[in-house]
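Biologist: I am new to this structure and would like to learn how to read it. Could you walk me through its features, starting with the core?

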Amino acid sequence: PASNNLRVQLKSSAESLVSVIDMNGQVVEAQKFSTQNPSLDVSNLANGNYIVRVKTETETINKNIVIVK
């Protein structure tokens, strides 16, 4: 589970868009990164289940996460 920061490990440092999506399909947080290990602030999100979407030039990956504070 994540509480304040969500760390993502990417295959390369190419530009990527990391989005956090709630269970209603709304994007609640999104940032562009150009690093291999970006960290996204999720401290403002309520406890619950979310989907993290990482979109690069070549692929889109979705993963489920849980926010617990």
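Modeller: Gladly! Keep in mind that this is a predicted model. In soluble globular proteins, nonpolar side chains tend to be buried together. Here the largest nonpolar core has 15 residues, and L6, V18, V20, V42 and V52 touch the most other members.

Biologist: Which strands each supply at least two residues of this core?

Modeller: Those are β2 (16-21), β5 (48-55) and β6 (60-67). The largest share, three residues, comes from β5.

Biologist: Let me zoom in on one core member. What does V18 touch, not counting residues up to four places away in sequence?

Modeller: V18 touches V8, E29, A30, Q31, F33, L40, V52, R53 and V54.

Biologist: And how do I look for empty space?

Modeller: Rolling a probe the size of a water molecule over the atoms shows where empty space is left. In this model, the largest pocket has a volume of about 340 Å³. Its lining counts 17 residues, with Q9, L10, K11, V54 and I61 nearest the centre. Two or more lining residues come from each of β1 (5-7), β5 and β6.

Biologist: How do the residues of that lining divide?

Modeller: Seven are nonpolar, five polar and five charged.

Biologist: Now for the whole chain: how many helices and strands are there?

Modeller: The protein chain has zero helices and six strands. Its radius of gyration is 11 Å, close to the 11 Å that the globule rule gives for 69 residues, so the chain is as compact as a globular protein of that length. Of those 69 residues, 30% count as buried.

Key:
Residues are numbered from 1 along each chain as its sequence is written. This is a predicted model: local features need pLDDT of at least 70, side-chain atom pairs count only at pLDDT 80 or more; totals for chains, interfaces and linings use all residues. Side-chain values use heavy atoms; hydrogens and water are left out. A nonpolar core is a set of buried Ala, Val, Leu, Ile, Met, Phe, Trp, Tyr and Cys residues joined through side-chain atoms within 4.5 Å. Buried means under 20% relative accessible area, exposed over 50%, partly exposed in between (1.4 Å probe, protein chains only). Helices (H or I, at least four residues) and strands (E, at least two) are DSSP runs, numbered from the N terminus. Contact means heavy atoms within 4.5 Å. On a 1 Å grid over the protein atoms alone, a cavity is a set of points where a 1.4 Å probe fits but cannot get out, and a pocket is an open set with protein on both sides within 12 Å along at least five of seven lines; lining residues have an atom within 4 Å of a point. Grid points are joined across faces, edges and corners, and a volume is the space filled by probe spheres set on the points. Ala, Val, Leu, Ile, Met, Phe, Trp, Tyr, Cys and Pro count as nonpolar, Asp, Glu, Lys and Arg as charged, and the others, Gly among them, as polar. The radius of gyration is taken over C-alpha atoms; the globule rule is 2.2 Å times the number of residues to the power 0.38.
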